[in-house]
Amino acid sequence: MGEAVIVSAARTPIADAYEGALANTSIYDIGKASVSEALARSGVPAEEVDDLILGEVLQGGGCIARYLANDLGLPPDTPGLAVNRQCATGMSAVTTAAASIRAGMDRVVIAGGVESMTQAPVTYRKSPVPYGVPEQWLSPSHPDRPEAPNMNMMITVGENTARKVGVSREEQDEWSYGSHRKAIAAIDGGRFAEEIVPMEVRGWGGETRIFDTDEHPRRDTTLEKLASLRVLSGVPDGTITAGNSSSLNDGSAALVLADGDYARANGLEVLGVVRAWCAVGVPPEDTGLAPTIAIPRAVARAGLSMDDLALVEINEAFASMTVGTIKVLDLDPSIVNVNGGAVGLGHPVACSGARILVTLLHELRRRGGGYGVASLCAGGGMGAAAVIEVR
């Protein structure tokens, strides 16, 4: 099989939903920012892009990838594909691209994910009664169960993982505090500058400004403040709060993948190689533990051992599932989410799987190379992981 290499990777800054910097920016312009920049950085002529694959979870249908292929002026025969695997969507878009390249079906594919949680449409289900009133509706990720409510991920993911693995409220708050501190240190140290695409955004009053910095990390967060927050899950003796959960966010990320021979023949800079990946299913009540299955499986598929990993990215849907994964897999916490995670940076759902790959790739390069794995749990009892190598 061919080799799927990464020749560029870019993302937007992550904005807070509703009142953040991207609240007045359309989902198409959010996606266009990262896709156009990734293509420009890659050195690949637009006419040689075989496909554009973008994850979209909360946007209500359509195909943003095809819309952007047209909007960016890609050749008319460039198709588009919409992907949805809940929180693992952006990663699944990237690995779908890698699979097509390794199979020899495509040479160059742009892949990633985009989400505007601010502008996610409100959907309604028709009443079964003639002339009945439609009711607001959100498609669930799995059948509702007492042990795994399909509309309360605080229980299904956060509380269940904390209880099953034994992750205390204090451990969750400490990890959350560290997530904010590491994200702020990365911002101040310029470690995100290379991966971020600055955007010109327009406020509700018509004013414009340059948006170039993740806006969710909180400089004033303290352990005392986190400890004072009330539990939101509704579970007796619960542990999940707004402070140890990921936030609602807007953003996009995109990578350009190419066949290795094509990249070398055209003098493209190879940033990394997609070595292996997997998607897994677990009982919905164990959703938060999906990375404990996905990570070892993807690492084994790459022909590696866990000891070969230089860095690990675990999407922090809740601090409990990241801490729980570290405990179950006996990971070294010092190599996990070294620049912060979703608790500190935010979680624009369809974007996050691609975003953690972009961040992992850049950090591996900054450190001189090695193997890294990125993983997410995903609604409905799913998870995914991907292994990349930087030489």
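**Exercise 1.** In this predicted model, determine how the axes of helix α5 and helix α9 are oriented to each other, and which residues make the contact.

*Solution.* The axes of α5 (residues 169-188) and α9 (residues 319-329) come within 9 Å and cross at roughly 100 degrees. Angles of 65 to 115 degrees count as roughly perpendicular, and α5 and α9 are therefore roughly perpendicular to each other. On the side of α5 the contact is made by E171, Q172, W175 and S176, and on the side of α9 by A319, S320, T322, V323, I326 and K327. Sorted by class, the residues of this contact divide into four nonpolar, four polar and two charged.

**Exercise 2.** Classify the crossing of helix α3 with helix α11, and describe the residues in the contact.

*Solution.* The axes of α3 (residues 89-102) and α11 (residues 349-366) come within 4 Å, crossing at roughly 60 degrees, which makes α3 oblique to α11. T89, G90, M91 and V94 of α3 meet A350, G353, A354, I356 and L357 of α11 in this contact. By class, the contact of α3 with α11 has six nonpolar, three polar and no charged residues.

**Exercise 3.** Establish how many disulfides the structure holds, and examine C278 and C377.

*Solution.* The structure holds zero disulfides. C278 is in no disulfide, and the nearest cysteine sulfur, that of C377, is 14 Å away. For C377, the closest cysteine sulfur is in C87, at 5.9 Å, which is too far for a bond, since a disulfide requires sulfur atoms within 2.5 Å. Buried means under 20% relative accessible area, so C278 counts as buried at 4% relative accessibility, and C377 counts as buried at 3%.

Definitions and conventions
Residues are numbered from 1 along each chain as its sequence is written. This is a predicted model: local features need pLDDT of at least 70, side-chain atom pairs count only at pLDDT 80 or more; totals for chains, interfaces and linings use all residues. Side-chain values use heavy atoms; hydrogens and water are left out. Axes are lines fitted to C-alpha atoms, for helices over the stretch in contact, and angles run from 0 to 180 degrees between N-to-C directions. Helices (H or I, at least four residues) and strands (E, at least two) are DSSP runs, numbered from the N terminus. Angles under 35 degrees count as roughly parallel, over 145 as roughly antiparallel, 65 to 115 as roughly perpendicular and the rest as oblique. Contact means heavy atoms within 4.5 Å. Ala, Val, Leu, Ile, Met, Phe, Trp, Tyr, Cys and Pro count as nonpolar, Asp, Glu, Lys and Arg as charged, and the others, Gly among them, as polar. Buried means under 20% relative accessible area, exposed over 50%, partly exposed in between (1.4 Å probe, protein chains only).
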